[in-house]
Amino acid sequence: MVSWGEGRKSRKGMPALLERIHQRQLLFEAELMPNGGDSMKDGISRIDKAVQFSGARWRAIIDRDEVATYECDLQGHCTQSNRSLCNLFGLDREEMMGEGWMRGLMPDDRERVYDIWMSAVKKGIPYECNYMVRHADTGAEIEVTAIAEPMINDRGHIIGFHGSITSTKPMEVG
């Protein structure tokens, strides 16, 4: 058992330990607040800006791609669509979001495509489906194949889906 006197002796190194802890805290704060911010809010702000930049970079790269691509959340709602996909459907980005992309499908295909898509989303499995799209502006009917894969984070959890749509045989409405 340690007596009071021995305990007091062991506390001699305590100021040095507290100083080292304080120095590490200052380094940590400097890393989170590189511009001299006074709170963790600055660190969170820096992370938010990095995420926004990453999203803008994704859109710039993907928008130049000729392959029609999209991303969806865990509920199967469209959260990202590139220019090629919007052109294929004749809808703008806002119209494609959520379940808006369903408006571009031929009425006879909507229920079947929705059921197949939602089954894949709920099970967290790859999706593939052929269906007909009617271009919103021109009325052209286009046969497409859509595929999607679950996006998995570093912990092995599904965080959404990334997919593409390719036209197989365009057919004009007479």
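Buried, on this tour, means under 20% relative accessible area. With that in hand, welcome to this predicted model.

**Stop 1: the core**

Start with the largest nonpolar core, which has 28 residues. Select Tyr-70, Phe-89, Trp-101, Trp-117, Tyr-127, Tyr-131 and Ile-165, the residues with the most contacts inside this core. Now colour the elements that each supply at least two residues of the core: strand S1 (68-72), helix H4 (83-89), helix H6 (107-123), strand S3 (127-134), strand S4 (141-152) and strand S5 (158-171). Helix H6 gives the largest share of the core, five residues.

**Stop 2: the rings around Trp-117**

Stay with the aromatic side chains. How many aromatic pairs are there? The count comes to three.

Select Trp-117 and Tyr-127 to see one of them. Their ring centres are 4.8 Å apart with the planes at 75 degrees, and because planes over 60 degrees apart count as edge-to-face, this pair is edge-to-face. Trp-117 sits in helix H6 and Tyr-127 in strand S3, so the pair ties together parts that are ten residues apart in sequence. Both Trp-117 and Tyr-127 are buried.

Keep Trp-117 on screen and add Phe-161. Here the ring centres lie 5.6 Å apart and the planes meet at 70 degrees, so Trp-117 and Phe-161 are also an edge-to-face pair. This pair links distant parts of the chain, with Trp-117 in helix H6 and Phe-161 in strand S5, 44 residues apart. Are Trp-117 and Phe-161 buried or exposed? Both are buried.

Finally, add Tyr-70 to the selection: ring pairs link Tyr-70, Trp-117, Tyr-127 and Phe-161 into a cluster.

**Stop 3: the S1–S2 hairpin**

Next, show the backbone of strands S1 (68-72) and S2 (78-81). The two strands run antiparallel and are joined by three bridges. Pick out Cys-72, and you will find Cys-78 of S2 standing opposite. S1 and S2 form a hairpin with five residues between them. In the turn, click on Gly-76, which has a positive phi of about 85 degrees.

**Stop 4: Asn-82**

For the last stop, follow the chain on from S2. Asn-82 is in the loop between strand S2 and helix H4. Which backbone oxygen does the side chain of Asn-82 reach? Select Val-67 as well: the Asn-82 side chain reaches the backbone oxygen of Val-67 at 2.8 Å. Asn-82 has a relative accessible area of 0%, so this residue is buried.

Key
Residues are numbered from 1 along each chain as its sequence is written. This is a predicted model: local features need pLDDT of at least 70, side-chain atom pairs count only at pLDDT 80 or more; totals for chains, interfaces and linings use all residues. Side-chain values use heavy atoms; hydrogens and water are left out. A nonpolar core is a set of buried Ala, Val, Leu, Ile, Met, Phe, Trp, Tyr and Cys residues joined through side-chain atoms within 4.5 Å. Buried means under 20% relative accessible area, exposed over 50%, partly exposed in between (1.4 Å probe, protein chains only). Helices (H or I, at least four residues) and strands (E, at least two) are DSSP runs, numbered from the N terminus. A polar contact is a pair of N or O atoms within 3.5 Å; within protein, one must be able to donate a hydrogen and the other to accept it, and residues adjacent in sequence count only if both atoms are side-chain atoms. Rings of Phe, Tyr and Trp (its six-membered ring) pair if their centres lie within 6.5 Å; planes under 30 degrees apart count as stacked, over 60 as edge-to-face and the rest as tilted. Two strands pair if DSSP finds at least two bridges between them.
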